[in-house]
Amino acid sequence: MAMKTKIIYEDDDLIVCHKPAGIATQSSRAHEADVVSECKNHIASEKSTKAPYLGVVHRLDQPVEGLLVFAKTKDAAAGLTAQLTEGSLNKKYRAVVRGIPEGLEKTLVCYMRKDAASSKAVVADGRVPEQTGRGGAKNVADNWKYAELTYRIMETFEDYELGGRSYGPAALMDVEIRTGRFHQIRAQFSHIGHPIVGDTKYGNVDNRAPKLMLCAYSLTFVHPRTKEPKTFII
């Protein structure tokens, strides 16, 4: 069976691939296609091994299209993960949001946490929310995490159309995240009143579209072994 995932670059240390929308980065469901399984099968066929190593460095939501890098060795995984943690593994996204956000370029800052019951991100502005402990004492809730992204408006539309349907005023955004939180881009844009086109999870039924208009189009990092800067764009 042909791979749904497209390999953009590969060497002895890592694989960079283009994940299509609709396929999970890594799935726990048996017999469900995912990027990790496809890449492992690819490596196994190339090296004639049944259980190749593949380190997951970062993920994309299932409906999101875009670039991913995986490590083929534990040393490469450690190096790439360190870059992700320190913020030097750079990811850029393009998104189409409903309405026209305020300002040509702006940084959005908030605190976020994952709500397990709804499998959605919850957003809070300003200071870290507090929780009440014993005796009424106020403590910082330990599951809230700082989140930051910067957007730049690339193009605006008076009446955006997709799949033969109109979505009204919209904007094409260039987005760079400073932190990698759960559903961060989707939740932060929804929080300011501009959900991404096609995102019913953070929009509503009226926001339904043939695809979620969010793509991780650029990926930059330093090769963990050769120390060569690498940039990939789709």
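Which residue just after α2 takes a positive phi? Gly 87 does, with a phi of about 90 degrees.

The exercises below concern a predicted model, in which local features need pLDDT of at least 70 and side-chain atom pairs count only at pLDDT 80 or more, while totals for chains, interfaces and linings use all residues. Residues are numbered from 1 along each chain as its sequence is written, and side-chain values use heavy atoms, with hydrogens and water left out.

**Exercise 1. Compare the expected span of helix α2 with the distance between its end C-alpha atoms.**

Step 1. Helices (H or I, at least four residues) and strands (E, at least two) are DSSP runs, numbered from the N terminus. Helix α2 covers residues 74-86, which is 13 residues.
Step 2. The expected span is 1.5 Å times one less than the number of residues, so α2 should span 18 Å.
Step 3. The end C-alpha atoms are 18 Å apart, which agrees.

**Exercise 2. Determine which residues of α2 are buried and how they are arranged around the axis.**

Step 1. Buried means under 20% relative accessible area, exposed over 50%, and partly exposed in between (1.4 Å probe, protein chains only).
Step 2. Ala 76, Ala 77, Leu 80 and Gln 83 are buried in α2. They cover an arc of only 130 degrees, taken from the directions from the helix axis to the C-beta atoms, and therefore lie on the same side of α2.
Step 3. Lys 74, Asp 75, Thr 85 and Glu 86 are exposed on the other side.
Step 4. The cover over the buried residues includes β2 (14-19), β4 (65-71) and β14 (214-222).

**Exercise 3. Describe the largest nonpolar core and the contacts of Phe 189.**

Step 1. A nonpolar core is a set of buried Ala, Val, Leu, Ile, Met, Phe, Trp, Tyr and Cys residues joined through side-chain atoms within 4.5 Å.
Step 2. The largest has 37 residues, and Ile 185 and Phe 189 have the most contacts inside it. Strand β13 gives the largest share of this core, five residues.
Step 3. With contact meaning heavy atoms within 4.5 Å, and residues up to four places away in sequence not counted, Phe 189 touches residues including Val 97, Leu 108, Met 173 and Pro 195.
Step 4. Apart from this core lies another, of 13 residues, among them Leu 14, Leu 80, Leu 89 and Phe 221.

**Exercise 4. Locate Ser 119 and Lys 227 and state their exposure.**

Step 1. Ser 119, with phi near 55 degrees, lies in the loop between β6 and β7. At 30% relative accessibility, Ser 119 counts as partly exposed.
Step 2. Lys 227, with phi near 65 degrees, is in the loop between β14 and β15. Lys 227 is exposed, at 55%.
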